[in-house]
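Here are my notes on the model you sent round. Have the structure open while you read them.

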Amino acid sequence: IILSQVLRSGGIKPDIHRIDTLEELDQALHQERWDIVIADYFLPRFDGLEALRFVKKHSPELPFIMVSGKTGEDFAVEAMRAGAQDFVVKGRLSRLSAAILREVEQRNNQSEEIRSISTKLETLIEMLPDWFFYKDLQGCYQLVNKAFADFNGLTRQAVIGKTVSEFMQPDLAAGSMESDRITLIQRKMTRHELTTTVNGKKFYLDTIKVPLMDGDGNIIGILGVSRDITEKKEIEIALIAEQKALAARNILLQRAWEQTILVLSHTTEVKDPYTSGH
């Protein structure tokens, strides 16, 4: 009640949800969206630092303000080091409204900046000539760009929710699933050369995959980029074939040269028997 009165006097009309246990805090964080968390340093069933650490672990972007009747500097330092955005002493609750408005405005600005960056990133991914994709642990695609969909002759909507075996050529699907398995086992970036044949033409794909992890280090999916290197590969294959053909011709020339020397030597011996064997 006091908190509500203080905030209303500061021009804020809050929708307050009181939390008494960590279980209730966990439930509130997952079920609703909040602008800020305000906690007393000392709580009946768990302390404010415990609440702060829990919030920063599960919702690190959510501002947290610690309130306490203690005026010691050590309390404030400990709270700020743990991640609190501010520390307000109960004797000076009048500054609480200003602190909340500041943090909410800052968070809104950060959200706007994140949205702007996200829009630019999405535009960049969309313009990439390479395939870009994200799939979950079940192997279902959750995000693909236009290049990915176009190569497979589908719309992005048709790809989302499907696995490689549902729309890709069998050889490419098998290679993709095997590279997924290796990436998940090694838990680091991997690089693979995948091949497929479409309408009698062989395609080569240079594919980089990385495991996507959550804040606790658990793998939640695979992020990947594939590049069509068919033209480059065909040139490499042609060069290798040409080098082999050249090496074969060099062997034939070497043998012909040796035969020529033997013939000249034999001819000389026939004309001059005194130098035979020289």
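The points below go from the whole chain down to single residues.

1. First, a reminder that this is a predicted model. On secondary structure, the chain has nine helices and eight strands.

2. The overall dimensions caught my eye. The radius of gyration is 35 Å, whereas a compact globule of 278 residues would come out near 19 Å. Along the principal axes, the C-alpha atoms fill a box of roughly 125 × 45 × 30 Å. I'd keep both values in view when reading the rest.

3. How much of the chain is buried? Of its 278 residues, 32% count as such. The accessible surface adds up to about 18400 Å², and carbon and sulfur atoms account for 55% of that.

4. On contacts: take the pairs at least 6 apart in sequence, and 47% of them join residues at least 24 apart.

5. Charges next. The chain carries 35 positive and 40 negative ones, and the mean positions of the two sets sit 1 Å apart.

6. Strand S1 (residues 37-40) is a nice one to click through, since its side chains alternate. Which of them are buried? Val-37 and Ala-39, which point to one face; Ile-38 and Asp-40 point to the other face and are not buried.

7. Stay with S1 for its partner. S1 and strand S2 (residues 64-68) run parallel and are joined by four bridges. If you want a landmark in that pairing, Val-37 stands opposite Phe-64 of S2. That is the Val-37 listed above as buried.

8. Now go to strand S8 (residues 219-228), where you'll find Asp-228. Why does Asp-228 count as partly exposed? Its relative accessibility is 41%, and that class covers the range between the 20% and 50% cut-offs.

9. What does Asp-228 touch, leaving aside residues up to four places away in sequence? The answer is Phe-203, Tyr-204 and Leu-205. For Phe-203, the C-alpha separation from Asp-228 is 7.3 Å, with their positions 25 residues apart along the chain.

10. Last stop is Gln-157, placed in helix H7 (residues 156-159). Gln-157 has 64% relative accessibility and so counts as exposed, the cut-off for that being over 50%. How far is Gln-157 from Ala-248, which is 91 residues away along the chain? Their C-alpha atoms are 53 Å apart. Try drawing that distance on your screen alongside the one from Asp-228 to Phe-203, which is 7.3 Å.

How values were computed:
Residues are numbered from 1 along each chain as its sequence is written. This is a predicted model: local features need pLDDT of at least 70, side-chain atom pairs count only at pLDDT 80 or more; totals for chains, interfaces and linings use all residues. Side-chain values use heavy atoms; hydrogens and water are left out. Helices (H or I, at least four residues) and strands (E, at least two) are DSSP runs, numbered from the N terminus. The radius of gyration is taken over C-alpha atoms; the globule rule is 2.2 Å times the number of residues to the power 0.38. Buried means under 20% relative accessible area, exposed over 50%, partly exposed in between (1.4 Å probe, protein chains only). Contact means heavy atoms within 4.5 Å. Accessible areas come from the Shrake-Rupley method with a 1.4 Å probe; for residues, only the protein chains shown count as cover. Lys and Arg count as positive and Asp and Glu as negative; His and the chain ends are not counted. The place of a charge is taken as NZ of Lys, CZ of Arg, CG of Asp or CD of Glu. Two strands pair if DSSP finds at least two bridges between them.
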